[in-house]
Amino acid sequence: MADGIFRLAIIGAGGIAGAHAGAIKASPERLALSAVVDLNADAAAKLAQDVNAKTFASAAELFKANKAERFIDGVIICTPPSARIPLVELALKHGVPVLSEKPLAHTLADAKKLASLSRKYKKTPAFVGYCHRFVPAVHDMLRHTAGGKIGTPVRWENAFACDLPGHETKWFSEPKKSGGGAYLDMGSHSIDLFHFMAGPSKTLGAVFTNKWKGRTETAGTVLVKSVKASKASGIKPGVAGSIYAGWAETCRFTLALVGDKGMFFYDYEKPSELVFKDLGGKAEVIACEAHDVRFNKQLVAFADAVQKKAKTHLASFDDGVTAAAAFDAAMKLAKKK
Ligand SMILES: NC(=O)c1ccc[n+]([C@@H]2O[C@H](COP(=O)([O-])OP(=O)(O)OC[C@H]3O[C@@H](n4cnc5c(N)ncnc54)[C@H](O)[C@@H]3O)[C@@H](O)[C@H]2O)c1
């Protein structure tokens, strides 16, 4: 750490670990991948090979080796959420800061246990990887909204949806392992982003759709309302949020913030264009940085939070519990017929 480089370990070398490894590579002057852990030795070796990172078959082995000769400054936990508690506890016990992938846990009870671990080891920072907080267009929307461009925000509209037929046979849709389906997976990004941009929410209605028999929901359609001002944006409470989360539908990643004088619209398929429309529908394209920098920005924020004690936009474990509680509320509303 003397050279300012923040050395990371990744625990869980599956799908999302590749995005983190790529994000580390994008800032060689600031970030390094020093170790990879996976129960599957081939997966760990594959991720570690081109940067010559150390590999371990378990988190216990990683932290034991790191105690003898410190080679990591933080850990990214990329396992399925149901595996998190012992891994986070081990990291915090060893004083190694944590960035846990989202959702924080597969149940509200486990999310609360993790938040209480974070309080117990409060000297060691712990965050949740709600990476859409680092999408530049989100910050552009908030900056222009604070400047009055769309007037008073009244509605927030978001769709994070895809066609992921492979999920039918993966842990993602296995109720006991995942704790929830499309709304927990994609929708937890949405609900955290709503909390970040518009403030803490109350969930008012939810419809879940199950395409796959015996598996979790494949679509979540949820209505929320902000009940407190957002700390990040200062947007006042009363904003309605509509969330569309899906695993078995046409792919779309879109976000809109609608005010009484105009609106912003961002389509992740047009990554450098934030669109403003006035009340008459006249469009203005505002150039913005593409969303694919979000994983890199999130890791640099992790490094800054640990090394410089900087205030960042990273989600805390308490934010992770707030998102988990919103999922729990939606699940209960969706079950009511
Ligand atoms: N931020 C995002 O946009 C985003 C995108 C995709 C997935 N995710 C999240 O990332 C997490 C992982 O998803 P994924 O798609 O990479 O899953 P995955 O199944 O592809 O990978 C998980 C990996 O963890 C390993 N693993 C499981 N238990 C372990 C343990 N105890 N110790 C070490 N390794 C262990 C598995 O062997 C596997 O290689 C999930 O919580 C998911 O919701 C986030």
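**Overall fold**

I started by tallying secondary structure: the chain has ten helices and 15 strands. I then looked up the radius of gyration, which is 20 Å, close to the 20 Å the globule rule gives for 337 residues, so the chain is as compact as a globular protein of that length. Note to self: this is a predicted model, and local features here need pLDDT of at least 70.

I also checked the extents. The C-alpha trace spans about 65 × 45 × 35 Å along its principal axes. For burial I got 48% of the 337 residues. Then I went through the contacts: of those between residues at least 6 apart in sequence, 71% join residues at least 24 apart.

**Ligand shell**

Next I went to the ligand. I find 24 residues around the ligand, and Gly12, Gly14, Gly15, Ile16 and Glu101 are the closest. Which helix gives the most to this shell? It's H1, residues 15–25, with three residues. I sorted the shell by residue class too, and it splits into 14 nonpolar, six polar and four charged.

**Helix H2**

I pulled up H2, residues 41–48, to see what it buries. The buried residues are Ala44, Leu47 and Ala48. Why do they sit on the same side of H2? They cover an arc of only 95° around the axis, which puts them there. Then I looked at what these buried residues pack against: strand E1 (6–11), strand E2 (31–37), strand E3 (54–56) and H1. So H1 turns up twice in my notes, here as a packing partner of H2's buried residues and above as the helix that gives the most to the ligand shell.

**Strands E11, E12 and E13**

Last stop was the run of strands from E11 onward. I have E11 (residues 248–259) pairing with E12 (residues 262–267) in the antiparallel sense, over five bridges. I picked out one bridge: Thr254 partners Asp267 in E12. How many residues lie between E11 and E12 in their hairpin? I count two.

E12 also pairs with E13 (residues 273–278), again antiparallel and joined by five bridges. The bridge I noted here takes Tyr266 to Leu274 in E13. E12 and E13 form a hairpin as well, with five residues between them. For my own picture, E12 is a member of both hairpins: with E11 in one and with E13 in the other.

Note on methods: Residues numbered from 1 in each chain as written. Predicted model: local features only at pLDDT ≥ 70, side-chain atom pairs only at ≥ 80, totals over all residues. Near = placed C-beta within 6 Å. Helix = DSSP H or I, 4+ residues; strand = E, 2+ residues; numbered from the N terminus. Nonpolar A, V, L, I, M, F, W, Y, C, P; charged D, E, K, R; others polar. Buried ≥ 20, exposed ≤ 12 C-beta atoms within 10 Å, placed from the backbone. Arc of directions from axis to C-beta. Contact = placed C-beta atoms within 7 Å. Pairing = 2+ DSSP bridges. Rg over C-alpha atoms; globule rule 2.2 N^0.38 Å.
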